[in-house]
Amino acid sequence: MKYKSQAVAKPYFIAAIGLFLGQIVFGLIMGLQYVVGDFLFPAIPFNVARMVHTNLLIVWLLFGFMGAAYYLIPEESERELHSPKLALAMFWIFLVAGAATILSYLLVPYASLAKWTGNDLLATMGREFLEQPLPTKIGIVVVALAMLYNLSMTVLRGRKTAINLVMLVGLWGLAIFFLFSFYNPGNLVKDKYYWWWVVHLWVEGVWELIMGAMLAFVLIKVTGVDREVIEKWLYVIIAMALISGLIGTGHHYYWIGAPEYWQWWGSVFSALEPIPFFMMTVFAFNMVNRRRREHPNKAAVLWALGTGVMAFLGAGVWGFLHTLAPVNFYTHGSQITAAHGHMAFYGAYVMVVLTMISYTMPLMRGRAANGRVAQMVEMWSFWLMTVAMVFITLFLTAAGILQIWLQRVAAEPMSFMAAQEQVSLFYWMREVSGLIFLIGVLLYIGSFFIKGKSEAATT
Amino acid sequence: MWFFILAELLVFGVFFLAYAFARTRNVELFNASQLELDQLSGAINTVLLISSSYFVVRAVDQIRHGRSRSCTYWLLAAMTCGGAFLVLKLAEFGAKIEAGITMSTNTFFMFYLGLGFFHFMHVVLGMVILGAVTLKAWKGGYSAASYSGVETGAAYWHMVDLVWIILFPLIYVLH
Amino acid sequence: MMKAATFQWLVLLAMTAVAVGLSQATLSDNAILAPVLLTTLIKGRIVIDRFMALQGAIAPWRWIVLGWLVLVLGLIGYAFHMAQT
Ligand code: HEM
Ligand code: HEM
Ligand SMILES: [Fe+2]
């Protein structure tokens, strides 16, 4: 760690990991409710658990991105953060607001929550991933703006590199596209447009910039490859991501009442979206193979490589699987979608945040890398989580294919619930894989508490 | 830049083939709709783009010999052709919209308007790139020893030309 | 060198004229397909090899771009041919 103020990243990362654990617990609750319908009834209904699961995911990833930004931007800009105090204040605001929101989901009926929080003034609630009550949404904007101010000032007065510029543009994009969540038109088609302009333009647009910048940052550090080489890759990757991703939004317009030509435009452009993800994989492996030094933090290298591979599998391969209109006609909104959503979110964004944490946490705790045992445990947790996620994806895909067959293709289509009944075996297997994933998370958390001889801090 | 160009060629290639194969399922409709196009305007546009590409070749040759000033003139000539292309194309689109034709009219017009507009945006981008190169050349920013900026801009412009060279016969001529 | 470029430019213009002429002439659809594609192929090759100056460039780029041209035109020809029979 070169600058004292980088340490504000630490509370962000700790909060992120804590919420991650919460997310997984609620995933498991839901997974069980899929097969044991009245589990925890009436304390935690499925729809509430689902909201908690997905919102915790988004919130902890945001914590991760923010922490990463507060660490990365000063180092790249070669100066202290503009205002560490502001960053810390925002952390507490975000944490309290986030926790209050999650608790209110669990303790108050959603409709009452809407009534109390001014949803009748400006209706924004009720859409997947964007369920937050109005005050929380405004809080997110305030926290994001304060962060952007803080980071932009740092970059403006410091060194400008491809990495900190891409990171900054990505974060600005994240904040700007979030503004679409404040508009909730009554027209269902328009409603869907605005929803996708947040969700799709996030994960298949600006978040890719954030991810690319984080990956490039860690790769420079752990491989010692020339900055020029890495920056060239970064530029090409983000250019491809934006070209394909923006018009690629059309792959969500097929059946929502948008004009028919979107079936062509959405199919062709989104078919190119795997390219940037593929390039990230090649990028990571290429840089590690050309490394100029053996960084003692082996775990961080493993996470970086894993991010490349799993992001390509989850977003690239599983995304491509159902992105062409004639295929999506059958798969739309089935378990195939859930399979893709899980692996893509895990492979791209969960893993890139964990990569960043893995690289920076030892440095913030005063050492170049953790001791051997701690790293071993961390690598075990990597494999447990990753393999478990692969199996979750495979079981959901199998469930999805069967579901589509029974419900949408067969000569005598079954009703939704009857088809679900038929595939419950896969849901049981998903739940078992989920338990293994949970063990992975627990090991991961445990690895932070293992003491032992550690490498001396150098950078 | 070459990576970019390849990606663009890939996109256009996929759309060209989509057009060709979508047509096989609807030959009559495509042929009938094609008759409504203004082939003359398309042909003039082809001449304009080909010529501008040629002018760009001359511009690159001039700067290779260190002649910034005449490089600028050739680039301006190329941009004039590009500008004329855009004007004609707008007139063509305008006439179609006047006639009540949109992307939703039928599959043929979806491709004609969609691909045409997509290519149009590339001409605009190409003009922006050429404009930046011209400005720098005008200020004497290139020399016989260093002119890779001109070459890069030229490569992009030729790509835009190349795409049109296929687009024109495909959509306006073949039936 | 620039004489060659001027000549190539004239060839491009001539090829365009041929293609337009062919489509105006009342030939059967079958008859124009091959010649029009051929003129397009020649035009494309001139732009790629001469204007973009890829002839003699480091190997992969030229072959990728030329390959793209041949593949696209070939498949277009195939699709149009299929549509006629
Ligand atoms: C890291 C990047 C990505 C993430 C995190 C992600 C995540 C998701 C999620 C969560 C959904 C479900 C949304 C819903 O609730 O309806 C979804 C849907 C979809 N994604 Fe992705 N995705 C990513 C990249 C991609 C890519 C690259 C493609 C295409 C190649 C793709 C294609 C699709 C399609 C077609 C759907 C709609 C499925 C349906 O019709 O039900 N995704 N994605
Ligand atoms: C890091 C790990 C995880 C990530 C990134 C993640 C992400 C997501 C996302 C994006 C959705 C919404 C999907 C959609 O709309 O299609 C979702 C829903 C869900 N997740 Fe997870 N999840 C994770 C772990 C788990 C685990 C371990 C389980 C349980 C074993 C689980 C069970 C579920 C269930 C049951 C749903 C609801 C699906 C539905 O509505 O039908 N998740 N998760
Ligand atoms: Fe998408």
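Between chain A and chain B, about 1300 Å² of area is buried, and carbon and sulfur atoms give 93% of it. Three residues stand out on the chain A side: A:Tyr261, A:Trp264 and A:Trp265 supply 47% of the area that chain A buries against chain B, more than any other three residues. The model under discussion is predicted, and the values that follow are to be read in that light.

The contact between these two chains involves 14 residues of chain A and 17 residues of chain B. Its chemical character may be considered next. The count of salt bridges between chain A and chain B is zero. Polar contacts give a similar entry, with zero residue pairs found across this interface where both residues are at pLDDT 80 or more. Three helices of chain A, namely H8 (227–248), H9 (262–271) and H10 (274–289), each supply at least two residues of the side that touches chain B. Of the elements of chain A, H8(A) provides the largest share of that side, five residues. By class, the side of chain A that touches chain B has 14 nonpolar residues, no polar residues and no charged residues.

The second interface joins chain C to chain B. Which of the two pairs of chains that touch has the most contacts? The most contacts are between chains B and C. Here 40 residues come from chain C and 39 residues from chain B. Chain C and chain B bury about 3600 Å² between them, with 83% of that area on carbon and sulfur atoms. No salt bridges are found across the interface of chain C and chain B, whereas six residue pairs are in polar contact, both residues being at pLDDT 80 or more.

On the chain C side, helix H1 (2–24), helix H2 (29–51) and helix H3 (59–84) each supply at least two residues that touch chain B. H3(C) gives the most to this side, with 15 residues. The residues of the side of chain C that touches chain B divide into 31 nonpolar, seven polar and two charged.

The architecture of the two partners in this interface can now be described. Chain C has three helices and zero strands, and its elements run α-α-α from the N terminus on. The C-alpha trace of chain C spans about 40 × 30 × 10 Å along its principal axes. Chain B contains six helices and zero strands, and read along the sequence it follows the pattern α-α-α-α-α-α. Along its principal axes, the C-alpha trace of chain B spans about 55 × 30 × 20 Å.

How do chain A and chain C stand to each other, and what is the distance between their closest C-alpha atoms? No contact joins chain A and chain C, and their closest C-alpha atoms lie 16 Å apart. Chain B, by contrast, is in contact with chain A and also with chain C.

A final feature belongs to the surface of chain A. A:Trp255, A:Phe329, A:Tyr330, A:Trp405 and A:Val409 form a nonpolar patch there, with about 520 Å² of accessible area together. Helix H12 (325–331) and helix H14 (372–409) of chain A are the elements that give two or more residues to this patch. One of the patch residues, A:Phe329, has its place in helix H12 of chain A.

Conventions: Residues are numbered from 1 along each chain as its sequence is written. Chains are lettered from A and ligands numbered from 1 in the order in which they are written. This is a predicted model: local features need pLDDT of at least 70, side-chain atom pairs count only at pLDDT 80 or more; totals for chains, interfaces and linings use all residues. Side-chain values use heavy atoms; hydrogens and water are left out. Contact means heavy atoms within 4.5 Å. Buried area is the accessible area (1.4 Å probe) that two parts lose on being put together, summed over both. A salt bridge is a side-chain nitrogen of Lys or Arg within 4 Å of a carboxyl oxygen of Asp or Glu. A polar contact is a pair of N or O atoms within 3.5 Å; within protein, one must be able to donate a hydrogen and the other to accept it, and residues adjacent in sequence count only if both atoms are side-chain atoms. Helices (H or I, at least four residues) and strands (E, at least two) are DSSP runs, numbered from the N terminus. Ala, Val, Leu, Ile, Met, Phe, Trp, Tyr, Cys and Pro count as nonpolar, Asp, Glu, Lys and Arg as charged, and the others, Gly among them, as polar. Patches are made of residues with over 30% relative accessible area and no salt bridge: like charges are joined within 9 Å, nonpolar side chains (Val, Leu, Ile, Met, Phe, Trp, Tyr) within 5 Å. Accessible areas come from the Shrake-Rupley method with a 1.4 Å probe; for residues, only the protein chains shown count as cover.
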